[in-house]
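Subject: Structure handover

Hi,

Here is the structure for you to load. My notes come after it.

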Amino acid sequence: MQQTFDVFGYAHGHFSEVAWMGQNTNHLFPKPVVRKAVQAAMKEARYEEYPFASGLAELKSAMLEDFALPQAKVGITSGGTEALYMLTRALLSPGDEVISSDPTYLIIHKFIELSGATTVNHEIYAAPWRLTADRINNSITPKTRMILLIDPLNPLGSGYPESEVKAIAEIAHDKKLLLLNDVTYRDFADKHTLAATYAPEETVTVWSLSKNCGLAGLRIGGLFAAPDLFSKIWKYNTNDLGVNVLSQWAALAAMKVKKDVFPRIKSRTRANQRRIKKVVESVPGCSLPVYPSQGNMFVIDISQTGIDPQKLQQELLENHNVFLRGGNYLSPKFGNRFIRISFSNSTSDVERFSTAFPAAVQKLRGAPA
Ligand SMILES: Cc1ncc(COP(=O)(O)O)c(C=O)c1O
(Lines give C-alpha, C1' and ligand atoms only; values in the text may rest on other atoms or scores of the structure.)
Protein backbone atom coordinates (compact mmCIF):
# COMPACT_ATOMS: atom_id res chain seq x y z
CA MET A 1 0.00 0.00 0.00
CA GLN A 2 1.30 3.45 -0.93
CA GLN A 3 2.06 5.65 2.09
CA THR A 4 0.56 9.16 2.00
CA PHE A 5 3.16 11.87 2.23
CA ASP A 6 3.22 13.61 5.64
CA VAL A 7 3.67 17.25 4.61
CA PHE A 8 3.76 18.67 8.12
CA GLY A 9 6.10 15.96 9.36
CA TYR A 10 8.44 16.68 6.46
CA ALA A 11 8.27 20.49 6.78
CA HIS A 12 8.91 20.47 10.53
CA GLY A 13 11.64 17.88 10.09
CA HIS A 14 13.43 20.34 7.75
CA PHE A 15 12.38 23.44 9.66
CA SER A 16 15.23 25.81 8.87
CA GLU A 17 15.61 24.78 5.22
CA VAL A 18 11.97 25.27 4.30
CA ALA A 19 10.41 28.37 2.74
CA TRP A 20 7.24 28.49 4.87
CA MET A 21 4.56 29.59 2.43
CA GLY A 22 1.94 27.02 3.37
CA GLN A 23 0.14 28.37 6.43
CA ASN A 24 -0.20 32.12 5.86
CA THR A 25 2.37 32.74 8.57
CA ASN A 26 4.29 36.00 8.65
CA HIS A 27 8.08 36.01 8.52
CA LEU A 28 8.50 39.74 8.12
CA PHE A 29 7.56 41.07 11.56
CA PRO A 30 10.69 42.37 13.36
CA LYS A 31 11.99 39.42 15.36
CA PRO A 32 13.90 41.44 18.03
CA VAL A 33 10.61 42.97 19.28
CA VAL A 34 9.18 39.55 20.09
CA ARG A 35 12.45 38.07 21.29
CA LYS A 36 13.06 40.93 23.75
CA ALA A 37 9.57 40.69 25.24
CA VAL A 38 9.76 36.93 25.71
CA GLN A 39 13.26 37.15 27.20
CA ALA A 40 12.14 39.84 29.68
CA ALA A 41 9.18 37.73 30.79
CA MET A 42 11.47 34.69 31.09
CA LYS A 43 13.97 36.67 33.17
CA GLU A 44 11.25 37.54 35.65
CA ALA A 45 10.21 33.88 35.68
CA ARG A 46 6.68 34.94 34.82
CA TYR A 47 6.05 31.38 33.71
CA GLU A 48 6.16 30.17 37.34
CA GLU A 49 2.87 31.91 38.07
CA TYR A 50 -0.45 31.40 36.40
CA PRO A 51 -1.28 34.31 34.14
CA PHE A 52 -3.88 36.84 35.26
CA ALA A 53 -6.85 34.72 34.19
CA SER A 54 -8.83 37.37 32.37
CA GLY A 55 -5.77 38.42 30.35
CA LEU A 56 -3.14 41.11 30.51
CA ALA A 57 -5.07 44.38 30.97
CA GLU A 58 -2.64 46.36 28.79
CA LEU A 59 -3.01 43.85 25.97
CA LYS A 60 -6.80 44.07 26.16
CA SER A 61 -6.59 47.87 26.01
CA ALA A 62 -4.22 47.67 23.04
CA MET A 63 -6.67 45.41 21.20
CA LEU A 64 -9.66 47.63 21.97
CA GLU A 65 -7.74 50.63 20.72
CA ASP A 66 -6.61 48.83 17.56
CA PHE A 67 -10.16 47.80 16.69
CA ALA A 68 -11.91 50.93 17.97
CA LEU A 69 -14.90 48.97 19.24
CA PRO A 70 -15.54 50.82 22.51
CA GLN A 71 -18.86 49.13 23.31
CA ALA A 72 -17.48 45.60 22.93
CA LYS A 73 -15.86 43.29 25.44
CA VAL A 74 -12.60 41.66 24.45
CA GLY A 75 -11.46 38.15 25.34
CA ILE A 76 -7.96 36.74 24.85
CA THR A 77 -7.68 33.14 23.70
CA SER A 78 -5.07 30.66 22.63
CA GLY A 79 -5.17 31.72 18.99
CA GLY A 80 -8.27 32.75 17.12
CA THR A 81 -8.93 29.01 16.85
CA GLU A 82 -9.89 28.70 20.50
CA ALA A 83 -12.25 31.68 20.16
CA LEU A 84 -13.87 30.01 17.14
CA TYR A 85 -14.35 26.77 19.05
CA MET A 86 -15.80 28.50 22.10
CA LEU A 87 -18.26 30.66 20.25
CA THR A 88 -19.59 27.87 18.03
CA ARG A 89 -20.06 25.68 21.14
CA ALA A 90 -21.81 28.50 22.98
CA LEU A 91 -24.05 29.88 20.27
CA LEU A 92 -25.02 26.99 17.99
CA SER A 93 -27.34 24.06 18.64
CA PRO A 94 -28.18 20.87 16.76
CA GLY A 95 -30.29 21.69 13.70
CA ASP A 96 -29.00 25.26 13.29
CA GLU A 97 -27.71 26.36 9.89
CA VAL A 98 -24.72 28.60 9.25
CA ILE A 99 -24.39 30.34 5.90
CA SER A 100 -20.85 29.99 4.59
CA SER A 101 -18.90 29.39 1.42
CA ASP A 102 -16.79 26.90 -0.52
CA PRO A 103 -13.81 27.54 -0.58
CA THR A 104 -13.39 28.70 2.98
CA TYR A 105 -11.34 28.09 6.12
CA LEU A 106 -12.78 24.64 6.81
CA ILE A 107 -11.64 24.33 10.43
CA ILE A 108 -14.52 26.64 11.36
CA HIS A 109 -16.91 24.25 9.60
CA LYS A 110 -15.53 21.43 11.71
CA PHE A 111 -16.35 23.36 14.88
CA ILE A 112 -19.82 24.24 13.57
CA GLU A 113 -20.48 20.57 12.92
CA LEU A 114 -19.22 19.56 16.38
CA SER A 115 -21.94 21.75 17.85
CA GLY A 116 -24.52 19.76 15.83
CA ALA A 117 -25.18 22.57 13.35
CA THR A 118 -24.64 22.39 9.59
CA THR A 119 -23.19 24.77 7.02
CA VAL A 120 -24.97 25.95 3.89
CA ASN A 121 -22.14 26.61 1.48
CA HIS A 122 -22.34 29.00 -1.43
CA GLU A 123 -19.96 28.13 -4.20
CA ILE A 124 -17.68 31.12 -4.66
CA TYR A 125 -14.96 29.77 -6.95
CA ALA A 126 -16.06 32.32 -9.59
CA ALA A 127 -16.31 36.12 -9.69
CA PRO A 128 -16.70 38.01 -7.39
CA TRP A 129 -14.89 35.23 -5.46
CA ARG A 130 -16.77 35.97 -2.23
CA LEU A 131 -20.23 35.92 -0.69
CA THR A 132 -22.77 38.60 -1.55
CA ALA A 133 -25.60 39.98 0.56
CA ASP A 134 -28.10 38.89 -2.13
CA ARG A 135 -26.96 35.28 -2.11
CA ILE A 136 -27.00 35.21 1.67
CA ASN A 137 -30.46 36.71 1.79
CA ASN A 138 -31.81 34.14 -0.65
CA SER A 139 -30.53 31.22 1.39
CA ILE A 140 -31.99 32.16 4.77
CA THR A 141 -34.35 29.55 6.18
CA PRO A 142 -36.11 29.28 9.56
CA LYS A 143 -33.10 27.22 10.68
CA THR A 144 -30.49 29.86 9.84
CA ARG A 145 -28.72 30.99 12.98
CA MET A 146 -25.43 32.49 11.82
CA ILE A 147 -23.58 33.98 8.86
CA LEU A 148 -19.85 33.32 8.55
CA LEU A 149 -18.04 36.29 7.08
CA ILE A 150 -14.28 35.78 6.74
CA ASP A 151 -12.81 39.03 5.49
CA PRO A 152 -10.28 38.98 3.89
CA LEU A 153 -11.01 35.41 2.89
CA ASN A 154 -8.62 32.53 3.36
CA PRO A 155 -7.80 30.95 0.88
CA LEU A 156 -8.80 33.17 -2.05
CA GLY A 157 -7.54 36.50 -0.75
CA SER A 158 -10.74 38.31 -1.65
CA GLY A 159 -11.82 41.28 0.44
CA TYR A 160 -15.28 42.74 1.05
CA PRO A 161 -16.10 46.33 0.09
CA GLU A 162 -17.71 48.41 2.83
CA SER A 163 -21.09 48.46 1.03
CA GLU A 164 -21.21 44.63 1.07
CA VAL A 165 -20.16 44.36 4.73
CA LYS A 166 -22.86 46.89 5.60
CA ALA A 167 -25.51 45.01 3.59
CA ILE A 168 -24.57 41.67 5.21
CA ALA A 169 -24.55 43.24 8.68
CA GLU A 170 -27.99 44.72 8.04
CA ILE A 171 -29.32 41.28 7.09
CA ALA A 172 -27.97 39.90 10.37
CA HIS A 173 -29.59 42.75 12.29
CA ASP A 174 -32.96 42.63 10.48
CA LYS A 175 -33.26 38.83 10.55
CA LYS A 176 -31.89 38.48 14.10
CA LEU A 177 -29.00 36.30 13.00
CA LEU A 178 -25.54 36.06 14.50
CA LEU A 179 -22.68 37.29 12.37
CA LEU A 180 -19.28 35.67 12.81
CA ASN A 181 -16.74 38.12 11.38
CA ASP A 182 -13.32 36.47 11.22
CA VAL A 183 -10.86 39.27 10.52
CA THR A 184 -7.61 37.35 10.94
CA TYR A 185 -6.08 38.95 7.80
CA ARG A 186 -7.52 42.47 8.04
CA ASP A 187 -4.20 44.26 8.44
CA PHE A 188 -3.13 43.12 4.96
CA ALA A 189 -6.16 44.71 3.26
CA ASP A 190 -6.11 48.05 1.41
CA LYS A 191 -9.22 49.05 3.31
CA HIS A 192 -11.21 47.04 5.83
CA THR A 193 -14.62 47.41 7.42
CA LEU A 194 -15.61 45.67 10.63
CA ALA A 195 -19.12 44.21 10.48
CA ALA A 196 -19.52 45.19 14.14
CA THR A 197 -19.64 48.83 13.01
CA TYR A 198 -23.02 48.09 11.42
CA ALA A 199 -24.35 45.23 13.59
CA PRO A 200 -22.71 45.64 17.01
CA GLU A 201 -25.20 43.45 18.89
CA GLU A 202 -25.17 40.53 16.46
CA THR A 203 -21.48 40.37 15.53
CA VAL A 204 -18.74 38.31 17.10
CA THR A 205 -15.40 39.56 15.77
CA VAL A 206 -12.59 37.00 15.87
CA TRP A 207 -9.01 38.26 15.67
CA SER A 208 -5.59 36.67 15.63
CA LEU A 209 -2.01 37.85 16.04
CA SER A 210 -0.66 34.83 14.13
CA LYS A 211 -0.58 36.46 10.72
CA ASN A 212 -0.24 40.21 11.23
CA CYS A 213 2.31 40.05 14.08
CA GLY A 214 3.95 36.78 13.07
CA LEU A 215 3.07 35.00 16.33
CA ALA A 216 1.48 31.80 14.99
CA GLY A 217 3.61 29.55 17.19
CA LEU A 218 2.75 31.51 20.31
CA ARG A 219 -0.97 30.85 19.80
CA ILE A 220 -2.63 34.11 20.66
CA GLY A 221 -5.85 35.72 19.45
CA GLY A 222 -9.28 36.46 20.74
CA LEU A 223 -12.73 37.84 20.16
CA PHE A 224 -14.88 40.92 20.60
CA ALA A 225 -18.62 40.89 21.25
CA ALA A 226 -21.27 43.08 22.85
CA PRO A 227 -21.44 42.43 26.63
CA ASP A 228 -24.49 40.09 26.63
CA LEU A 229 -23.21 38.01 23.74
CA PHE A 230 -19.74 38.00 25.23
CA SER A 231 -21.05 36.56 28.54
CA LYS A 232 -22.83 33.76 26.71
CA ILE A 233 -19.65 32.83 24.85
CA TRP A 234 -17.24 33.23 27.73
CA LYS A 235 -19.09 30.62 29.81
CA TYR A 236 -17.48 28.15 27.44
CA ASN A 237 -13.97 29.44 28.01
CA THR A 238 -11.78 26.36 27.92
CA ASN A 239 -8.74 28.19 29.30
CA ASP A 240 -9.97 29.07 32.79
CA LEU A 241 -6.46 29.63 34.09
CA GLY A 242 -5.52 32.04 31.34
CA VAL A 243 -3.56 32.10 28.10
CA ASN A 244 0.24 31.46 27.94
CA VAL A 245 1.88 34.37 29.74
CA LEU A 246 4.95 34.61 27.47
CA SER A 247 2.65 34.86 24.47
CA GLN A 248 0.71 37.69 26.07
CA TRP A 249 3.86 39.73 26.75
CA ALA A 250 5.08 39.10 23.21
CA ALA A 251 1.68 40.15 21.87
CA LEU A 252 1.71 43.37 23.84
CA ALA A 253 5.18 44.26 22.55
CA ALA A 254 4.12 43.46 18.99
CA MET A 255 0.96 45.55 19.25
CA LYS A 256 2.99 48.53 20.43
CA VAL A 257 4.93 48.63 17.15
CA LYS A 258 2.40 47.18 14.71
CA LYS A 259 1.17 50.51 13.37
CA ASP A 260 4.71 51.63 12.63
CA VAL A 261 6.03 48.45 11.08
CA PHE A 262 3.02 47.31 9.11
CA PRO A 263 3.28 49.65 6.11
CA ARG A 264 6.67 48.13 5.33
CA ILE A 265 5.36 44.57 5.77
CA LYS A 266 2.40 45.31 3.53
CA SER A 267 4.48 46.81 0.80
CA ARG A 268 6.81 43.76 0.90
CA THR A 269 3.82 41.41 0.59
CA ARG A 270 2.54 43.45 -2.36
CA ALA A 271 5.92 43.26 -4.07
CA ASN A 272 5.98 39.50 -3.41
CA GLN A 273 2.52 39.17 -4.94
CA ARG A 274 3.69 40.95 -8.07
CA ARG A 275 6.71 38.66 -8.36
CA ILE A 276 4.61 35.51 -7.90
CA LYS A 277 2.08 36.77 -10.46
CA LYS A 278 4.80 37.18 -13.04
CA VAL A 279 6.02 33.64 -12.45
CA VAL A 280 2.53 32.12 -12.53
CA GLU A 281 1.69 33.93 -15.76
CA SER A 282 4.80 32.47 -17.36
CA VAL A 283 3.61 28.89 -16.74
CA PRO A 284 1.02 27.64 -19.27
CA GLY A 285 -2.22 26.47 -17.64
CA CYS A 286 -1.71 28.42 -14.39
CA SER A 287 -3.53 31.56 -13.31
CA LEU A 288 -4.42 33.72 -10.31
CA PRO A 289 -8.19 33.94 -9.78
CA VAL A 290 -7.90 36.80 -7.26
CA TYR A 291 -5.28 39.51 -7.69
CA PRO A 292 -4.23 41.50 -5.82
CA SER A 293 -5.01 39.57 -2.68
CA GLN A 294 -6.29 41.54 0.28
CA GLY A 295 -4.67 39.01 2.61
CA ASN A 296 -1.18 37.50 2.76
CA MET A 297 -2.18 34.55 0.55
CA PHE A 298 -3.97 33.67 -2.65
CA VAL A 299 -4.64 30.62 -4.75
CA ILE A 300 -2.97 29.56 -7.96
CA ASP A 301 -5.36 27.76 -10.26
CA ILE A 302 -3.56 24.82 -11.87
CA SER A 303 -6.60 23.00 -13.22
CA GLN A 304 -5.54 23.42 -16.87
CA THR A 305 -2.24 21.62 -16.22
CA GLY A 306 -3.96 18.37 -15.22
CA ILE A 307 -1.65 18.17 -12.18
CA ASP A 308 -2.98 16.96 -8.84
CA PRO A 309 -2.41 19.79 -6.28
CA GLN A 310 -1.32 17.23 -3.68
CA LYS A 311 1.40 15.98 -6.00
CA LEU A 312 2.60 19.50 -6.70
CA GLN A 313 2.64 20.22 -2.96
CA GLN A 314 4.82 17.16 -2.39
CA GLU A 315 7.14 17.88 -5.31
CA LEU A 316 7.74 21.47 -4.20
CA LEU A 317 8.39 20.46 -0.61
CA GLU A 318 10.49 17.32 -1.10
CA ASN A 319 12.60 18.52 -3.99
CA HIS A 320 12.69 22.31 -3.53
CA ASN A 321 11.95 22.92 0.18
CA VAL A 322 9.02 25.15 -0.72
CA PHE A 323 6.03 24.50 1.52
CA LEU A 324 2.61 25.49 0.17
CA ARG A 325 -0.74 23.73 0.35
CA GLY A 326 -2.90 21.74 -2.03
CA GLY A 327 -6.45 23.10 -2.13
CA ASN A 328 -8.21 20.01 -0.82
CA TYR A 329 -8.16 21.09 2.81
CA LEU A 330 -9.84 24.38 1.86
CA SER A 331 -12.55 23.28 -0.50
CA PRO A 332 -14.47 20.02 -0.87
CA LYS A 333 -15.64 21.00 -4.36
CA PHE A 334 -12.81 23.03 -5.89
CA GLY A 335 -9.79 21.87 -3.92
CA ASN A 336 -8.50 19.74 -6.80
CA ARG A 337 -8.10 22.85 -8.93
CA PHE A 338 -5.69 24.97 -6.93
CA ILE A 339 -2.78 25.35 -4.59
CA ARG A 340 -2.58 28.11 -1.97
CA ILE A 341 0.55 30.14 -1.34
CA SER A 342 1.27 32.82 1.25
CA PHE A 343 3.81 35.56 0.70
CA SER A 344 4.60 37.42 3.94
CA ASN A 345 8.07 36.01 3.40
CA SER A 346 11.60 37.07 2.61
CA THR A 347 12.64 37.85 -0.94
CA SER A 348 14.81 34.73 -0.95
CA ASP A 349 11.80 32.52 -0.12
CA VAL A 350 9.87 34.08 -2.98
CA GLU A 351 12.81 33.65 -5.31
CA ARG A 352 13.09 30.00 -4.34
CA PHE A 353 9.42 29.56 -5.23
CA SER A 354 9.97 31.44 -8.48
CA THR A 355 12.59 28.96 -9.61
CA ALA A 356 10.88 25.88 -8.17
CA PHE A 357 7.33 26.39 -9.42
CA PRO A 358 7.93 26.32 -13.20
CA ALA A 359 10.32 23.38 -12.79
CA ALA A 360 7.89 21.38 -10.63
CA VAL A 361 4.97 21.99 -12.99
CA GLN A 362 7.08 21.00 -15.96
CA LYS A 363 8.19 17.81 -14.23
CA LEU A 364 4.67 16.75 -13.24
CA ARG A 365 2.91 17.72 -16.44
CA GLY A 366 2.04 14.55 -18.20
CA ALA A 367 3.36 12.39 -15.33
CA PRO A 368 1.13 9.38 -14.59
CA ALA A 369 -1.64 10.19 -12.06
C1 LIG B 1 -9.64 32.59 8.61
C2 LIG B 1 -8.80 32.09 9.73
N3 LIG B 1 -9.25 32.17 10.98
C4 LIG B 1 -8.53 31.72 12.02
C5 LIG B 1 -7.30 31.14 11.82
C6 LIG B 1 -6.52 30.60 13.00
O7 LIG B 1 -5.80 31.60 13.59
P8 LIG B 1 -4.96 31.33 14.91
O9 LIG B 1 -3.57 31.00 14.52
O10 LIG B 1 -5.04 32.65 15.64
O11 LIG B 1 -5.61 30.25 15.69
C12 LIG B 1 -6.79 31.02 10.54
C13 LIG B 1 -5.49 30.36 10.31
O14 LIG B 1 -5.06 30.08 9.24
C15 LIG B 1 -7.56 31.50 9.46
O16 LIG B 1 -7.13 31.40 8.20
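Below is what I found, starting with the domains. Keep in mind that this is a predicted model.

Domains
The protein splits in two. Domain 1 covers 7-29 + 260-364, and domain 2 covers 31-257. Their C-alpha centres lie 25 Å apart. To the contact, domain 1 gives 28 residues and domain 2 gives 26 residues. On the domain 1 side, α9 (245-281) and β9 (297-301) each supply at least two residues. The largest share there comes from α9, with 5 residues. By type, that side of domain 1 has 13 nonpolar, 11 polar and 4 charged residues.

Ligand
The ligand has 13 residues around it. G79, G80, T81, S208 and S210 are the closest. Helix α4 (residues 79-91) provides the largest share of this shell, 3 residues. The shell is made up of 9 polar, 3 nonpolar and 1 charged residue.

Helix α5
This helix spans residues 106-114, and L106, I108, H109 and I112 are buried in it. Why do the buried residues line one face of the helix? Seen down the axis of α5, they fall within an arc of 145°, so they share that face. The general rule is that an α-helix has 3.6 residues a turn, so residues three or four places apart point the same way. K110 and L114 are exposed, on the face turned away from the buried side. The cover over the buried residues of α5 includes α4, β3 (97-102), β4 (118-123) and β5 (144-150). Just after α5, G116 has a positive phi of about 90°.

Best wishes

Definitions and conventions:
Residues numbered from 1 in each chain as written. Predicted model: local features only at pLDDT ≥ 70, side-chain atom pairs only at ≥ 80, totals over all residues. Near = placed C-beta within 6 Å. Helix = DSSP H or I, 4+ residues; strand = E, 2+ residues; numbered from the N terminus. Nonpolar A, V, L, I, M, F, W, Y, C, P; charged D, E, K, R; others polar. Domains from an automatic or database assignment. Contact = placed C-beta atoms within 7 Å. Buried ≥ 20, exposed ≤ 12 C-beta atoms within 10 Å, placed from the backbone. Arc of directions from axis to C-beta.
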